[in-house]
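Please open the model in your viewer and keep the sequence panel beside it, since each stop on this tour begins with a selection and then describes what is found there.

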Amino acid sequence: QVQLQESGPGLVKPSQTLSLTCTVSGGSITTSYYYWSWIRQPPGKGLEWVGAIAYDGSTFVSPSLKSHTSISRDTSKNQFSLQLSSVTPEDTAVYYCVRDGIAIKTPDYWGQGTQVTVFS
């Protein structure tokens, strides 16, 4: 059973960088051919795919967020991370880390989610 757990600050000030980490257990983030994604849900809105890192380390980011988003991993800790720079209140959301099963953007395991609020 794969388990994912998000960690990071719940409050971030505008223009700062948001950093979130997902710790994975029950499976390796280097196992072919899985993708590991970040998804967010702003208050009152639907789910938004942010980006992903593949089993081989290649990364994919939503075009609308690409200019200030990066995804990385630490294979020694079986973790992957999200960094959003220059955040604004529009980045306020519940952030989920997920494993994609069949293909990218097809999550089969979810973390519980972590609330991130951007406010001054």
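## Starting at strand β9

Select S37 to begin, and look across to V98 in β9, which stands opposite S37. Bear in mind throughout that this is a predicted model. Now widen the selection to strand β4, residues 35-41, and to β9, and you will find the two strands running antiparallel, joined by 7 bridges. Strand β9 itself spans residues 93-100 and is mostly covered, with 7 of its 8 residues buried.

Stay with β9 and add strand β11, residues 114-118, which pairs with β9 in the antiparallel sense over 3 bridges. To find a point of reference between these two strands, select V94, whose bridge partner in β11 is Q115.

Next add strand β10, residues 107-110, which also pairs with β9 in the antiparallel sense, over 3 bridges. Here R99 stands opposite Y109 in β10. If you follow the backbone from β9 to β10, you trace a hairpin with 6 residues between the two strands, and in that turn K105 has a positive phi of about 70°.

## The disulfide

Which cysteines should be selected for the disulfide? Choose C22 and C97, whose sulfur atoms are 2.1 Å apart; the count for the structure comes to 1 disulfide. Turning the view along the S-S bond, you can check that the link of C22 and C97 is right-handed, with 65° about that bond. C22 lies in strand β3, residues 18-25, and C97 in strand β9, so the pair ties together parts that are 75 residues apart in sequence. With a surface displayed, C22 proves to be buried, at a relative accessible area of 0%, and C97 is likewise buried, its relative accessible area being 0%.

## A buried glutamate

From the disulfide, move to E6, which touches both C22 and C97 and whose other contacts beyond four places in sequence include T21, W38, Y95 and Y96. E6 is found in strand β1, residues 3-7. How far away is the nearest side chain of opposite charge? That side chain belongs to R40 and is 13 Å away, and E6, although buried, has no salt bridge. The 4 Å limit for a salt bridge is useful here, because it shows why a separation of 13 Å leaves E6 without such a partner.

What does lie close to polar atoms of the E6 side chain can be found by selecting two backbone nitrogens. The backbone nitrogen of G113 lies 3.0 Å from a polar atom of that side chain, and the backbone nitrogen of Q112 lies 3.4 Å from a polar atom of the side chain of E6. Both Q112 and G113 are also among the residues that E6 touches, as are G111 and T114.

## Salt bridges around R40

Side chains of opposite charge can pair when their charged atoms come close. A search of the whole structure finds 3 salt bridges, and R40, in strand β4, is a good place to begin looking at them.

Select R40 together with E48, and you will see a salt bridge in which the closest N and O atoms are 2.7 Å apart. R40 counts as buried at 5% relative accessibility, whereas E48 is partly exposed, with a relative accessible area of 23%.

Now add D91, whose side chain meets that of R40 in a salt bridge at 2.9 Å, N to O. This pair links distant parts of the chain, with R40 in strand β4 and D91 in the loop between β8 (79-84) and β9, 51 residues apart. Both R40 and D91 are buried. To see the wider surroundings of R40, display its contacts beyond four places in sequence, among them G46, L47, V50, L65, L84, E90, A93, V94 and Y95.

## Last stop: R99 and D108

Return to R99 and select D108 with it; their side chains meet in a salt bridge, 2.7 Å from N to O. Buried or partly exposed, which describes D108? D108 counts as partly exposed at 35% relative accessibility, while R99 is buried, with a relative accessible area of 10%. For a final view, display R40, E48 and D91 together, which salt bridges with shared partners join into one network.

Methods
Residues numbered from 1 in each chain as written. Predicted model: local features only at pLDDT ≥ 70, side-chain atom pairs only at ≥ 80, totals over all residues. Heavy atoms only, no water. Helix = DSSP H or I, 4+ residues; strand = E, 2+ residues; numbered from the N terminus. Buried < 20%, exposed > 50% of the residue type's maximum accessible area, 1.4 Å probe, protein only. Lys, Arg positive; Asp, Glu negative; His and termini not counted. Polar contact = N/O pair within 3.5 Å; in protein donor to acceptor, adjacent residues only side chain to side chain. Contact = heavy atoms within 4.5 Å. Pairing = 2+ DSSP bridges. Disulfide = S-S within 2.5 Å.
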